[in-house]
Amino acid sequence: MNRDGESILVIEDEADLREGLKHNLELDGYRVETARNGTEGLAKASRDRHALLLLDLMLPELSGLEVLRRLRERGDRTPVIILSARGQDHEKVSGLELGADDYVTKPFGLAELLARIRAVLRRTSPEAGVSQDVFLFPNLKVDFRRFTVERDGAEHQLSRYEAEILRMLIARRGEVVTRSDLLSKVWGYVHLPTTRTVDNHVARLRKKIENDPERPLHLVTVHGIGYRFESRPL
Ligand code: CA
């Protein structure tokens, strides 16, 4: 029994398998959310934090690989176990290259899957010291699990959008991230706000992470293009 009730998102289009996994994972003490296609899966993965994703590769609307690619591109490091079919070796390898943590090949036994889930959670839990959800910079601590930034001993709460923007900028620190990149990856293709929205969120973020928001040292504007995060992790 997993007493923490960690949350698992199952992205699987085959209804029997999806519902069977939900039932059995809940019996094992996990909280389970499900999605029936890639678009729904990506939306749910973006909306809530999960301890782990079970991701089918062959999905309607958006393939499993595409879901994984978009999550990793925006800096989302949620552990992923791929559910692949026999003969999908090439996709399986691509998945691992894109940052999946493990895979199981269908048909798999429940005991095998539970063991792999536990192994991945052990490897990636904050207690294992390999979490990439906390970033330490010389005068800044960013904690994406708690959605907080700490600067000069003061803690500020981040909104989900602010956290996603910052996560993407930190993941690609030193590089320019365009406004349209931020729009499509942070807000997704469903609701497309204007680039003004990005600027407003960046302005709010600066008040939390910059000593002088008018003269930002971390969240630098690249005029006419986008933003760049500047700082070396400790
Ligand atoms: Ca499928």
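**Exercise 1. Strand β1 and its neighbours**

In which sense do β1 and strand β3 (residues 52-56) pair, and over how many bridges? Describe also the burial of β1 and its pairing with β2 in this predicted model.

*Solution.* Begin with the pairing named in the task: β1 and β3 are parallel partners, joined over 4 bridges. Within this pairing, Ile 8 has Leu 52 of β3 as its bridge partner.

Next, consider strand β2 (residues 31-35), which runs parallel to β1 and is joined to it by 5 bridges. Here Ile 8 stands opposite Val 32. The connection from β1 to β2 passes through helix α1 (residues 15-27), and this β-α-β crossover is right-handed.

Finally, examine the side chains. Strand β1 spans residues 7-11, and 5 of its 5 residues are buried. Ser 7, Leu 9 and Ile 11 point one way, Ile 8 and Val 10 point the other way, and all are buried.

**Exercise 2. Strand β5**

Which residues of strand β5 form its covered face, and which its uncovered face? Trace also the connection that leads into β5 from β4.

*Solution.* Strand β5 comprises residues 102-105; Asp 102 and Val 104 make up the covered face, whereas Tyr 103 and Thr 105 make up the uncovered one.

The pairing comes next. Strand β4 (residues 80-84) pairs with β5 in the parallel sense over 4 bridges. Ile 82 stands opposite Tyr 103 in β5. Between the two strands the chain passes through helix α4 (residues 89-97), giving a right-handed β-α-β crossover.

Beyond the strand, the peptide bond from Lys 106 to Pro 107 is cis, with omega near -5 degrees. Pro 107 belongs to the loop between β5 and α5 (110-124).

**Exercise 3. The calcium ion**

Which protein donors does the calcium ion have? Classify Asp 56 and Met 58 as buried or exposed.

*Solution.* The protein donors are Asp 13 (OD), Asp 56 (OD) and Met 58 (O), at 2.1 to 2.3 Å from the ion. Their spacing in sequence is D-x42-D-x1-M.

For the classification, buried means under 20% relative accessible area and exposed over 50%. Asp 56 has 3% relative accessibility and therefore counts as buried. Met 58 has a relative accessible area of 59%, so this residue is exposed.

**Exercise 4. Two helices in contact**

How are the axes of helix α6 and helix α8 arranged? Identify the residues that make the contact.

*Solution.* Two packed helices are described by the angle and the distance between their axes. The axes of α6 (residues 160-171) and α8 (residues 195-209) come within 10 Å and cross at roughly 80 degrees. An angle of 65 to 115 degrees counts as roughly perpendicular, and α6 and α8 are therefore roughly perpendicular to each other.

On the α6 side, the contact is made by Tyr 161, Glu 162, Ile 165 and Leu 166. On the α8 side, the residues are His 201, Val 202, Arg 204, Leu 205, Lys 208 and Ile 209.

**Exercise 5. Positive phi in residues other than glycine**

Where do Glu 61 and Asp 152 lie? State the phi value and exposure of each.

*Solution.* Glu 61 lies in the loop between β3 and α3 (64-73). Its phi is near 75 degrees, a positive value in a residue other than glycine. With 61% relative accessibility, Glu 61 counts as exposed.

Asp 152 is located in the loop between β8 (148-151) and β9 (154-157). Here phi is near 50 degrees, again positive in a residue other than glycine. Asp 152 has a relative accessible area of 61% and is therefore exposed.

Technical notes
Residues are numbered from 1 along each chain as its sequence is written. This is a predicted model: local features need pLDDT of at least 70, side-chain atom pairs count only at pLDDT 80 or more; totals for chains, interfaces and linings use all residues. Side-chain values use heavy atoms; hydrogens and water are left out. Buried means under 20% relative accessible area, exposed over 50%, partly exposed in between (1.4 Å probe, protein chains only). Two strands pair if DSSP finds at least two bridges between them. A crossover is right-handed if, with the strands pointing away from the viewer, the path from the first strand over the helix to the second runs clockwise. Donors are N, O and S atoms within 2.8 Å of the metal (3.2 Å for Na, K and Ca); water is not among the atoms, so sites may look incomplete. Axes are lines fitted to C-alpha atoms, for helices over the stretch in contact, and angles run from 0 to 180 degrees between N-to-C directions. Angles under 35 degrees count as roughly parallel, over 145 as roughly antiparallel, 65 to 115 as roughly perpendicular and the rest as oblique. Contact means heavy atoms within 4.5 Å.
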